[in-house]
Amino acid sequence: MARFTLPRDLYHGKGSLEELKNLKGKKAVVVVGGGSMKRFGFLGRVEEYLKEAGMEVALFEGVEPDPSVETVMKGAKLMQEFGPDWIVAIGGGSPIDAAKAMWAFYEYPDTKFDDLIIPFNFPTLRTKAKFCAIPSTSGTATEVTAFSVITDYEKGIKYPLADFNITPDVAIVDPDLAETMPPKLTANTGMDALTHAIEAYVSTLHCDYTDPLALHAIKMIHEFLIKSYNGDTEARARMHNAQCLAGMAFSNALLGIVHSMAHKTGAAYSGGHIVHGAANAMYLPKVIKFNSKVPEAAARYADIARFIGLTGADDTELTDALIAEIRSMNVQLNIAPSIKTYEGGIIDEKEFNEKLKTVAELAVGDACTGSNPRPITPAEMEKLLTCCFYDTEVDF
Ligand code: FE
């Protein structure tokens, strides 16, 4: 038995933000990030539409990138005081992810964060509120997924929370919001989306319901991401849909060790964060090579390669062609090929090597490792992370 869960309603296309007018409820808390949604006027429109729907509105502003446990608790407290029957989260992955965790603590104030990090262990939600998510970036697809990533800064660890209870009720995928993304964000979030689709397609939990979503998303991202990065607004709009399709696939097929590695390296080093999408973009070619030692995985990477028009005599050649294509996309998107060169070298080599054993163990223990097509030991993970640091060949 397997489960396939998506939001009850998804509104998409230009102007779909206006659908907020038709939500039925009394009180909404709007959760938002650092200010770009306000600056571009979208936050004002959200408030206006919700008021037109007859709702009283409270704002929770200022969710930081890579939201913290503390921010989640603050938002939950506001919700407990205000008592919303709708939670509306708008912005990049961060405010939406934070709002999902706030939702759990709003409905169950006595829940412990440690209980929520156990996969598929959430209490039953929707006893107090429903959830509407409106993405402004084209990558995480958190508007349709059962996931949220919250960072424990004390421990320096990103925790992926996973449960179908936090799949939103309503998603509004309006390309007008994504038009405001700066190029670097477009690049990073786009490669995050590509990683979602590829990891979902080769996941041990992939199925007939997730495969077509993953493949079509990969084809669209391959066709539109570079154009979107270079300022083509029609391509930008298509990317907004493509990342959402990738989200539908991975929310149900889960991911693999590219994400395990990105989660555990993201906040581990004193030089700065390795941004999620850039981490995925750097690690994806290495992980494909590692996973392709499993013939079933190689056959599926070959499927992907053929589907986007690459050629090769056998699965190995097709897999290598796919790896080359992803590396070429990274070059065109100005994403570094290695941790060592990331952002001009902000991650210190000595610190990386000192923390390697711990980070490798944490990555193996990440919730995304279980559905990777090839099992991995902590020793292999150390080698793989080292290849990602120095951009060396994966030959094990
Ligand atoms: Fe991701």
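**Questions on a predicted model with an iron site**

Reader: In this predicted model, is Glu154 buried or exposed?

Author: Glu154 has a relative accessible area of 77%, and it sits in the loop between β6 (147-152) and β7 (157-162). A residue counts as exposed when its relative accessible area is over 50%, so with 77% Glu154 is exposed.

Reader: How many Å apart in space are Glu154 and Val69, C-alpha to C-alpha?

Author: In sequence, Glu154 and Val69 are 85 residues apart. In space, taken from C-alpha to C-alpha, the distance between Glu154 and Val69 is 9.8 Å.

Reader: Which residues of the protein are the donors of the iron ion?

Author: The protein donors lie 2.1 to 2.2 Å from the iron ion, and in sequence the donor residues are spaced D-x3-H-x62-H-x16-H. One donor is an OD atom of an aspartate and the others are NE2 atoms of histidines, namely Asp192, His196, His259 and His276.

Reader: Which helix holds Asp192 and His196, and what separates them there?

Author: Asp192 is buried, with a relative accessible area of 3%, and His196 is buried with a relative accessible area of 3% as well. Both residues belong to helix α7 (residues 183-202), and because they are 4 residues apart in it, what separates them is about one helical turn.

Reader: What radius of gyration does the protein chain have, and what would a compact globule have?

Author: The protein chain has 15 helices and 8 strands, and 60% of its 396 residues count as buried. For a compact globule with 396 residues the radius of gyration would be near 21 Å, which agrees with that of the protein chain, 20 Å.

Key:
Residues numbered from 1 in each chain as written. Predicted model: local features only at pLDDT ≥ 70, side-chain atom pairs only at ≥ 80, totals over all residues. Heavy atoms only, no water. Donors = N, O, S within 2.8 Å, 3.2 Å for Na, K, Ca; no water. Helix = DSSP H or I, 4+ residues; strand = E, 2+ residues; numbered from the N terminus. Buried < 20%, exposed > 50% of the residue type's maximum accessible area, 1.4 Å probe, protein only. Rg over C-alpha atoms; globule rule 2.2 N^0.38 Å.
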